[in-house]
Amino acid sequence: MTMQQTSVMAPPAPKRLEEMKLPVVMMRDILLKTMFRKSLDMVTDLAPALCLPIPVTQELIDMGRDQRLIEATGTLNANNGSEMGYQLTDAGKARALDALKQSEYFGAMPVPLAVYREQVERQSIRNIMVSRAQLTNAMGHLVLPDSLLDHLGPAVSAGRSILMYGPPGNGKSSISNGIRDALGDWVYVPRAIEYAGQVITVYDPIVHVIAEEQVDDPNSLRRVTRFDRRYVCCERPTVITGGELSLDMLDLVFNPVARTYQAPLQLKSTGGIFIVDDLGRQAESPQSLVNRWIVPLEESKDILSLQSGEKFEVPFDTLVIFSTNFHPNEIFDQAALRRIFFKIKIDGPNQANFLKIFAMVARKKNMALDEPSLVHLLKVKYPTIGNVYANYQPVFLIDQMIAICDFEGIPYKMSPQLIDRAWSNMFVKDEVIVK
């Protein structure tokens, strides 16, 4: 995917300490813990560690000096020029140790939840417009009927919930991934957010893909900060879950050792896509899972709980895609279905599109096409299953024939006999097994 320039407004970097809108004691303690844990003593090293501009970092240090928690050491060596060095006083070390007992968090200064809400609005998934050309290009590796794009396009552009259903093996997961690729711009993900004095880490390198790394001149006290470095510029995130999804994965995760929280999956996917694949294969029922999403889907906000039991609201700005092999009426009541904005059936291909897929896969895998073999497949084999085609079948059959050719030591060339042997592995007959 070629990443295009984002039109999202970047979060502005704070210019003064008062613009941080964080508890002063929290900021001071994070500074002390960072100096203690990382053994940093220069402003030009502390600023990137805290993800703050140098002037704001200097304000913090000056506040620590006023409280006699930090002291100046003078120029440490010639390489630092005239830059002042700093170190913790005995009182500062004691305060750092006490603060670490309360929370092990140090490093990047968190973003207040209220400030983060403003950035979520600026980069909302509902602000994007996906054209037919973008969607077609992102789905270029798939053979899909035009009518399907007619339904998918408005659903993606609306940024609302989507339920894709239909028989297995017809590309629902691939289509979900194609939707992700069609978005093609960037958002700003906070490294951590703050609520009621608690730190919740959000940025996750497993989930978030950095879109651009901008390097400033570390030796310049007037270096330009293009955006608030407490955020990471990333591709719109995609979280994919399957049968392993459970309701507790949608709650805050508390680390009792570090005494910090980790954001749940749906908060990490803010501004992007949350894909629930294989709905109906989870331990919880599909109805229970959707019930958990009712308030977020309708009101664009989610409710999370701290260890204390205090509940609070966070933004819910995510395109949720449910994908299932079951008919919706089998797993949901009508109230739940009403709350899923788009319901799109993904059927198997017709014979013409099946042949397109078959030829495309054969060409990619260097398996020469053979007309008698295709006739045998379409006239003899498929009538035995009511001429029902699925998108996965060309790949399955051709891979089976390749495996047979490799074993037999013969060139890759299909034949009716190879078709028969490959076909025998595609289905399992019902039979009684005598124990």
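Me: Where is the place of D29?

Reply: In this predicted model, D29 lies in helix α1, which covers residues 24-38.

Me: Is D29 counted as buried or exposed?

Reply: D29 has a relative accessibility of 7%. Buried means under 20%, so D29 counts as buried.

Me: Which residues does D29 touch, leaving out those up to four places away in sequence?

Reply: With those sequence neighbours set aside, D29 touches R95 and A99.

Me: What joins the side chains of D29 and R95?

Reply: The two side chains are joined by a polar contact of 2.5 Å.

Me: At what angle do α1 and helix α4 pack?

Reply: Helix α4, residues 90-102, packs with α1 at an angle of about 105°, and their axes are 9 Å apart. The two helices are therefore roughly perpendicular to each other.

Me: Which residues make that contact of α1 with α4?

Reply: From α1 the contact uses V25, R28, D29, L32, K33, F36 and R37. The α4 side supplies G92, R95, A96, L97, A99 and L100. By class, the contact has 7 nonpolar, 1 polar and 5 charged residues.

Me: Changing topic, how do the axes of α2 and α3 cross?

Reply: The axes of helix α2 (residues 43-50) and helix α3 (residues 54-66) cross at roughly 105° and come within 9 Å. That crossing makes α2 roughly perpendicular to α3.

Me: Which residues make the contact there, and how do they divide into nonpolar, polar and charged?

Reply: V43, T44, L46, A47 and L50 of α2 meet I54, T57, Q58, L60 and I61 of α3. The residues of this contact comprise 7 nonpolar, 3 polar and no charged.

Me: On to the sheet: in what order do the 5 strands come?

Reply: The order is β9-β12-β15-β4-β16, in an open sheet with parallel pairing.

Me: Which strands stand at the edges?

Reply: The edge strands are β9 (238-241) and β16 (342-345). Each has a single partner strand, so one side of each is left without a neighbour in the sheet.

Me: How much are neighbouring strands turned against each other?

Reply: On average, with direction ignored, the turn between neighbouring strands of this sheet is 15°.

Me: Which strands does helix α7 touch?

Reply: Helix α7 (residues 146-158) packs on the sheet and touches β4 (162-165), β15 and β16. The direction of α7 makes about 155° with that of β16.

Me: Over how many bridges do β12 and β15 pair?

Reply: Strand β12 (residues 273-276) pairs with strand β15 (residues 319-324) over 4 bridges, in the parallel sense. V276 has F322 as its bridge partner in β15.

How values were computed. Residues are numbered from 1 along each chain as its sequence is written. This is a predicted model: local features need pLDDT of at least 70, side-chain atom pairs count only at pLDDT 80 or more; totals for chains, interfaces and linings use all residues. Side-chain values use heavy atoms; hydrogens and water are left out. Axes are lines fitted to C-alpha atoms, for helices over the stretch in contact, and angles run from 0 to 180 degrees between N-to-C directions. Angles under 35 degrees count as roughly parallel, over 145 as roughly antiparallel, 65 to 115 as roughly perpendicular and the rest as oblique. Contact means heavy atoms within 4.5 Å. Ala, Val, Leu, Ile, Met, Phe, Trp, Tyr, Cys and Pro count as nonpolar, Asp, Glu, Lys and Arg as charged, and the others, Gly among them, as polar. Two strands pair if DSSP finds at least two bridges between them. Buried means under 20% relative accessible area, exposed over 50%, partly exposed in between (1.4 Å probe, protein chains only). A polar contact is a pair of N or O atoms within 3.5 Å; within protein, one must be able to donate a hydrogen and the other to accept it, and residues adjacent in sequence count only if both atoms are side-chain atoms.
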